[in-house]
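Here is a short briefing on one protein chain. Look at the sequence and the model first, then read on.

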Amino acid sequence: MGANIQLTDCTWNPISNFSGVFDGNGYTISGLTINQPLSMNVGFFGNLMATGIVRNVRLMDVNIIGNRNVGSVTGTSFGQISNVFASGSVEALGEGTYDYASGLVGC
């Protein structure tokens with residue numbers, strides 16, 4: 001049986017090059033914190049590959065800081081995202097032209 005996940009007081013390292021299926025089954029992950037101001041592709045998943053799928057999950061009260069391509073679900077996505085909700089703070093600190101940040105997908 002699934003359950004909501006509370007990540008408060010934990011620091012998350014993005015999962016790189018995710019190419020599988022992540023189905024949250026409608027559950028919530030809350031308190032996701034990532035503080036990597038010098039990194040790019042920052043989010044729960046660093047990079048969602050073309051075969052990657054993320055669905056049916058809520059990310060609540062995120063606090064994510066990266067340099068470029070910063071999002072709550074993934075920093076960069078080539079895959080599929082559906083039925084996903086996010087709330088909180090997402091920030092890209094880079095100083096270049098292509099420093100993207102977004103609520104779900106950085107770039």
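The points below go from the whole chain down to single residues.

This is a predicted model. The chain has zero helices and ten strands. Its radius of gyration is 13 Å, which agrees with the value near 13 Å that a compact globule of 107 residues would have.

**Overall build**

- Strand follows strand along the sequence, in the pattern β-β-β-β-β-β-β-β-β-β.
- The C-alpha trace spans about 45 × 30 × 20 Å along its principal axes.
- Of the 107 residues in the chain, 36% are buried.
- The chain exposes about 5,800 Å². Carbon and sulfur atoms supply 51% of that area.
- Take the contacts between residues at least 6 apart in sequence. Of these, 77% join residues at least 24 apart.

**Cysteines and disulfides**

- How many disulfides does a search of the whole structure find? The search finds zero.
- Cys-10 has a relative accessible area of 39%. That value lies between the 20% and 50% cut-offs, so Cys-10 is partly exposed.
- Cys-107 is also assigned a class by its accessibility: at 44%, it counts as partly exposed.
- Cys-107 and Asn-25 are 82 residues apart in sequence. In space, their C-alpha atoms are 25 Å apart.

**The salt bridge**

- A search of the whole structure finds one salt bridge.
- Which side chains meet in it? They are those of Arg-55 and Asp-23, at 3.0 Å from N to O.
- This pair links distant parts of the chain, with the two positions 32 residues apart in sequence numbering. Arg-55 is in strand 6 (residues 53–66), and Asp-23 is in strand 2 (residues 21–30).
- Arg-55 has 29% relative accessibility, so it counts as partly exposed.
- Asp-23 has 29% relative accessibility and counts as partly exposed.

**Strand 2: Asn-25 and Ser-30**

- Asn-25 lies in strand 2. Is Asn-25 buried or exposed? Its relative accessibility is 57%, and the cut-off for exposed is over 50%, so Asn-25 counts as exposed.
- Ser-30 is placed in strand 2. At 14% relative accessibility, Ser-30 counts as buried. The reason is the cut-off: buried means under 20%.
- The side chain of Ser-30 makes a polar contact of 3.1 Å with the side chain of Gln-6.
- What does Ser-30 touch, leaving aside neighbours within four places in sequence? Ser-30 is in contact with Ile-5, Gln-6, Leu-7, Thr-8 and Met-60.

**Strand 5: Asn-47**

- Asn-47 is found in strand 5 (residues 45–48).
- Its relative accessibility is 14%, so Asn-47 counts as buried.
- The side chains of Asn-47 and Asn-17 are joined by a polar contact of 3.2 Å.
- Leave out residues up to four places away in sequence, and Asn-47 touches Ile-15, Ser-16, Asn-17, Phe-18, Thr-74, Thr-76 and Phe-78. Asn-17 therefore appears in this list of contacts, under a cut-off of 4.5 Å between heavy atoms.

**Positive phi in strands 4 and 7**

- Asn-41 is not a glycine, although its phi is positive, at about 60 degrees.
- Asn-41 is found in strand 4 (residues 40–42). With 23% relative accessibility, Asn-41 counts as partly exposed.
- Asn-69 has a positive phi of about 55 degrees, and Asn-69 is not a glycine either.
- Where does Asn-69 lie? Asn-69 lies in strand 7 (residues 68–71).
- Is Asn-69 buried or exposed? Asn-69 has 8% relative accessibility, so it counts as buried.

**To take away**

- The chain has ten strands and zero helices.
- One salt bridge is found, and it is between Arg-55 and Asp-23.
- Ser-30 counts as buried, and Asn-47 counts as buried. Ser-30 has a side-chain polar contact with Gln-6, and Asn-47 has one with Asn-17.

Notes. Residues numbered from 1 in each chain as written. Predicted model: local features only at pLDDT ≥ 70, side-chain atom pairs only at ≥ 80, totals over all residues. Heavy atoms only, no water. Helix = DSSP H or I, 4+ residues; strand = E, 2+ residues; numbered from the N terminus. Rg over C-alpha atoms; globule rule 2.2 N^0.38 Å. Buried < 20%, exposed > 50% of the residue type's maximum accessible area, 1.4 Å probe, protein only. Areas by Shrake-Rupley, 256 points an atom, 1.4 Å probe, with all protein chains shown as cover. Disulfide = S-S within 2.5 Å. Salt bridge = Lys/Arg side-chain N within 4 Å of Asp/Glu carboxyl O. Polar contact = N/O pair within 3.5 Å; in protein donor to acceptor, adjacent residues only side chain to side chain.
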